[in-house]
Every structure is written in C-alpha cells, then in structure tokens.
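Got the viewer open? Keep the selection box handy, and we'll go stop by stop.

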Amino acid sequence: MNTLGNKLKVTVFGQSHAPAIGCVIDGLPAGFAPDMDRVAAFMARRAPGQNAWSTPRKESDTPEILSGLVDGRTCGAPVAMVIRNADQHSRDYSGLKRTPRPSHADYTAMVKYGENYDIRGGGQFSGRLTAPLCFAGAFALQLLEQRGITVAAHIGKIENIDDAPPDFASVSREDLEALLRKPFPVFDDTAGMNMRQAVEAARMEQDSVGGVIRCFVLGLPAGVGEPMFGGVENRLAAALFGIPAVRGVSFGTGFAAAGMRGSVHNDPFVMEDGRVRTRTNHAGGVLGGITSGMPLVVNIAVKPTASISREQETVDLETGENAPLVIHGRHDPCIVPRAVPVAEAVTALTVLDMMLE
C-alpha cells in the first residue's frame with residue numbers, strides 16, 4: 001500500500017529511525033536526464049533543521065541512487081534510491097507503546113501490527129517518508145516542465161492568517177516563478193511575516209498550528225482525467241491524503257461553493273485568442289473530473305503538528321487507566337511550510353501519471 005500511481009509507479013519504503021528511507025520509481029521514460037542540482041535544491045526545501053519553523057533534527061537528505069541511471073540518463077530500468085538516516089534520537093520514543101500520543105497513529109498501528117510496530121519517530125507513518133517522495137516529485141516536475149506544465153504551491157493560510165493569492169483564472173507562470181524563489185512561499189509578504197509570528201507564538205506556548213497549502217498547475221491541456229471514479233479530483237485527493245497530517249483536499253473555491261449561488265459560482269465560457277476559457281475559475285480547472293484547460297487549483301488542509309510539548313491526556317495500555325503524557329523530542333511547531341514542496345511533488349507525480357496514461 002506504499003505505492004502511488006498506475007503508469008508511473010512510486011514505491012516508498014523505510015521508517016523514520018531505520019538505517020535508511022527511500023523509493024523506487026518505475027515507468028520513467030528512457031533517455032530523461034534529470035538535473036540533479038535542481039533535484040537537490042527541491043529536496044532542500046523540505047529538509048529539517050533549516051529555520052525557526054521546523055524541527056531541529058539535522059538530516060542532509062542526500063539521495064544515493066542505486067539503479068536506473070546510466071551516464072546521467074534514465075535507462076528504462078526502475079530508479080532506486082536511498083537516503084541514509086543520521087540524526088535519530090530513538091530514546092525520545094521509549095514508553096510510547098504504553099502511552100500512545102494523541103492524534104498520532106501510535107494506537108491504531110499497535111492495534112493493527114501489535115508489538116512488531118516500530119514506534120521510533122512514528123516509524124513508517126512519519127513525515128520523514130516524504131523526503132523520497134520529494135526526490136521522485138523533483139523528477140516529475142522536470143518532466144512536466146518539458147511538456148510546458150508548471151506546478152507550484154504557496155502557503156494559503158496558517159492558523160487564521162490568509163495569504164492573498166492571484167485570481168484563479170489569471171494566475172501566471174511569472175506569479176509562480178516569483179513564489180518559488182521565496183524561502184517562505186507566500187504572495188503577500190506581510191501576511192507571511194504575520195504567519196511566522198503565529199508559528200513562533202505557538203512554539204513559545206509549547207503548542208502548534210496548522211494551515212492550508214494551495215497548489216497551482218498551469219499548462220495542463222483540456223481533456224485529462226476520466227469521469228466518475230477516475231477524475232482528476234479523485235486521483236489527486238487519494239494521493240494527497242497519503243501525506244501525513246493532511247486533513248482535507250478541495251478544488252478551486254472548495255467548500256466555500258456551498259454558500260454561493262449558481263449565478264456566482266458558475267464559470268462563464270469565453271473565447272480568448274482562439275481558445276475556450278472561463279472568465280472565472282471557481283471550479284479550479286476541472287469539470288466532470290476532466291481538465292478544462294484553466295489553471296488547476298488544489299487546496300490542502302494540514303492539521304497542527306500532533307507532537308506538542310505541553311502535557312496531554314492519554315491512556316496507559318498496560319494498566320488500563322487514564323494517564324498524563326509529556327512528549328519529548330524535536331518537532332515542527334508548524335508542518336505547513338515544509339509540506340509545501342511535498343504537495344508539489346505529489347501533485348506533479350499524479351499529474352504526470354495521468355499524462356503518461
């Protein structure tokens with residue numbers, strides 16, 4: 001169940017505190033020469049320990065490619081890679097099999113796997129597993145770029161502070177390229193400053209905050225996707241929910257559409273430069289599960305980091321009694337900024353998979 005995709009398949013493996021994590025990418029076209037400097041730069045956006053809003057855990061996240069590339073080009077064989085884990089503090093997780101952490105997979109994993117479950121750092125449920133996803137996604141982003149397709153995301157919200165995105169119908173590549181140059185990817189830098197202050201306030205209070213990531217895909221032709229259960233929304237939602245901490249996925253106007261009238265929410269069709277467009281883009285670039293040629297707009301809700309330093313309630317599974325819990329270790333006060341490239345990676349992999357089909 002750790003495999004994503006139909007034509008382009010990505011299998012992720014490893015655990016947070018295992019010797020290594022990694023992935024196998026099957027279905028890449030032969031002859032593709034990935035720019036490994038760009039792959040490294042993309043992975044660095046997700047890497048821990050770089051700023052005040054991420055965990056202080058230090059990991060180089062350097063990929064070691066085992067197969068699939070010859071003289072820097074894909075050869076048709078699966079690309080296999082590993083990332084060696086280096087900065088584990090496994091002792092921080094001793095005792096959690098007895099007292100599961102609220103909002104983590106500790107309890108459900110122990111019910112399913114019993115004493116065999118690797119609880120260190122969350123095991124296979126850890127956000128650490130998104131590093132190989134970003135490696136695979138970096139390949140997909142470059143392959144999509146060759147097809148004239150751009151994928152980029154911004155921090156749409158942290159706690160109750162909203163960014164100010166461009167109009168969904170007119171967002172441009174220039175908008176997204178400017179966004180990708182920023183270490184804290186927001187359109188409104190004042191909003192970004194307020195978001196960082198909210199993250200710091202939560203950290204000082206031994207708490208955490210969540211938010212929303214909004215991902216744009218430009219250059220997608222009309223006609224991609226299948227009706228009913230094979231639609232673009234279906235495929236992307238299923239993939240994006242594989243990212244730890246994702247609690248919701250919507251498209252375009254999303255849940256706000258429920259409070260709008262049809263006369264407002266409907267996107268009028270217009271002819272522009274000889275092609276069909278819509279004047280607005282409340283639908284987020286998808287109609288009936290099939291791309292319309294307008295920008296694809298995906299909204300991803302991310303919960304507050306589950307591991308917080310303040311005391312919480314849990315149960316003692318040995319005594320069968322209620323118990324207090326204080327979580328030790330190193331954790332992000334807000335997952336959202338580091339999850340932005342992960343959202344881009346998973347979106348790119350899913351879109352490329354549909355294009356290859």
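Two strands count as paired here if DSSP finds at least two bridges between them. Helices (H or I, at least four residues) and strands (E, at least two) are DSSP runs, numbered from the N terminus. This is a predicted model, where local features need pLDDT of at least 70, side-chain atom pairs count only at pLDDT 80 or more, and totals for chains, interfaces and linings use all residues. Residues are numbered from 1 along each chain as its sequence is written, and side-chain values use heavy atoms, with hydrogens and water left out.

**Stop one: a sheet and its helix.** Select 150-158 and 211-218: these are β8 and β10, an antiparallel pair with eight bridges. Ala152 has Phe216 in β10 as its bridge partner. Now add helix α8 (336-356), which packs on the sheet and touches β8, β10 and β16 (296-302); contact means heavy atoms within 4.5 Å. The direction of α8 makes about 145 degrees with that of β8, on axes fitted to C-alpha atoms (for helices over the stretch in contact), with angles from 0 to 180 degrees between N-to-C directions.

Widen the view to the whole open sheet, antiparallel in the order β9-β8-β10-β16-β11. β9 (161-162) and β11 (246-251) are the edges, each with a single partner strand, so one side of each has no neighbour in the sheet.

**Stop two: the other five-stranded sheet.** Here the open, antiparallel order is β1-β2-β3-β7-β4. Zoom in on β2 (9-14) and β3 (20-26), antiparallel and joined by six bridges; Thr11 is partnered with Val24 in β3. Show α3 too: this helix lies across β2, β3, β4 and β7 (79-84), at about 30 degrees to β3.

**Stop three: the core.** Which residues have the most contacts inside the largest nonpolar core? Try Ile25, Phe135, Ile158, Ile213, Leu296, Val298 and Ile300, out of 72 residues. Such a core is a set of buried Ala, Val, Leu, Ile, Met, Phe, Trp, Tyr and Cys residues joined through side-chain atoms within 4.5 Å, with buried meaning under 20% relative accessible area (1.4 Å probe, protein chains only). The largest share, twelve residues, comes from α8.

**Last stop: a hairpin.** Select 312-316 and 321-325, where β17 and β18 pair antiparallel over five bridges. Thr314 sits opposite Ala323 in β18. Four residues lie between the strands, and Gly320 has a positive phi near 70 degrees.

Terms used: Buried < 20%, exposed > 50% of the residue type's maximum accessible area, 1.4 Å probe, protein only.
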